[in-house]
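Dear colleague,

I am handing this structure over to you, and below it you will find a short account of what turned up when I went through it. Please keep it open while you read.

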Amino acid sequence: MTASTKSGLDSRFAEALQGEDELGVVVRGHIHIESKLNTYIATVVPHPKELPNLRYYQKIELACAMGLSLVHAPLLKAVGDVRNAFAHNPEAQITSQSAAK
């Protein structure tokens, strides 16, 4: 990945986090994070196309089992929890409590 490609990805991620409403920010942010997780898995797993369709939390566990630092797991899971709160409740909001996770 070149510096300009990485910069483009970073700027798209930053734009996603500056959406107009919390739902959009959460969903778009989660999409970007899960995409990075997918890229990591595709890089470290010898035959990623042989994997079944994994849920987000399973991807976190697989990535950690394959060498992703365990320090990232709680934050990745918290992102999934916030995203799920929004997916199941259209009135959900980001609170200081949910942001502190």
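**Ile31 and the surface around it**

Ile31 has its place in helix 2, and the model in which we see it is a predicted one. With a relative accessible area of 52%, Ile31 counts as exposed, because the cut-off for that class is over 50%. Together with Leu23 and Val27, Ile31 makes a nonpolar surface patch of about 240 Å². Ile31 can also be set against a residue far along the chain: Arg83 is 52 residues away from Ile31 in sequence, while the C-alpha atoms of the two are 9.7 Å apart in space.

**The chain as a whole**

To place these details, it may help to step back to the whole chain. The secondary structure of the protein chain comes to 5 helices and 0 strands, so that, read along the sequence, the pattern is α-α-α-α-α. The chain has 101 residues, of which 25% count as buried. Its accessible surface comes to about 7200 Å², and 57% of that surface belongs to carbon and sulfur atoms. If one takes the contacts between residues at least 6 apart in sequence, 34% of them join residues at least 24 apart.

**His30, also in helix 2**

His30 lies in helix 2, which covers residues 22-44. Is His30 buried or exposed? His30 is buried, because its relative accessible area is 6%, and the buried class takes in values under 20%. When residues up to four places away in sequence are not counted, His30 touches Tyr56, Val79, Gly80 and Arg83.

**Helix 4**

Helix 4 takes in residues 73-88, and its length can be checked: at 1.5 Å a residue, its 16 residues should span 22 Å, and the end C-alpha atoms are indeed 22 Å apart, which agrees. Within helix 4, the buried residues include Gly80, which is one of the residues touched by His30. Ala73, Leu76, Ala78, Val82 and Phe86 are also buried in helix 4.

**The nonpolar core**

In soluble globular proteins, nonpolar side chains tend to be buried together. Here the largest nonpolar core has 11 residues, namely Leu37, Ile41, Val45, Tyr56, Ile60, Leu62, Ala63, Cys64, Leu68, Ala73 and Leu76. Helix 2, helix 3 (56-65) and helix 4 each supply at least two residues of this core, and the largest share, 5 residues, comes from helix 3. One of the core residues is Val45, which, leaving aside its neighbours within four places in sequence, is in contact with Leu51, Leu62 and Met66.

**The salt bridge**

Side chains of opposite charge can pair when their charged atoms come close. How many salt bridges does a search of the whole structure find? The search finds 1, in which the side chains of Glu34 and Lys59 meet at 2.9 Å, N to O. Glu34 lies in helix 2 and Lys59 in helix 3, so the pair ties together parts that are 25 residues apart in sequence. Lys59 is itself buried, because its relative accessible area of 12% falls under the 20% cut-off.

With best wishes

Conventions: Residues numbered from 1 in each chain as written. Predicted model: local features only at pLDDT ≥ 70, side-chain atom pairs only at ≥ 80, totals over all residues. Heavy atoms only, no water. Helix = DSSP H or I, 4+ residues; strand = E, 2+ residues; numbered from the N terminus. Buried < 20%, exposed > 50% of the residue type's maximum accessible area, 1.4 Å probe, protein only. Contact = heavy atoms within 4.5 Å. Expected span 1.5 Å × (residues − 1). Patch = residues over 30% accessible without salt bridge, like charges linked within 9 Å, V, L, I, M, F, W, Y side chains within 5 Å. Areas by Shrake-Rupley, 256 points an atom, 1.4 Å probe, with all protein chains shown as cover. Salt bridge = Lys/Arg side-chain N within 4 Å of Asp/Glu carboxyl O. Core = buried A, V, L, I, M, F, W, Y, C linked by side-chain atoms within 4.5 Å.
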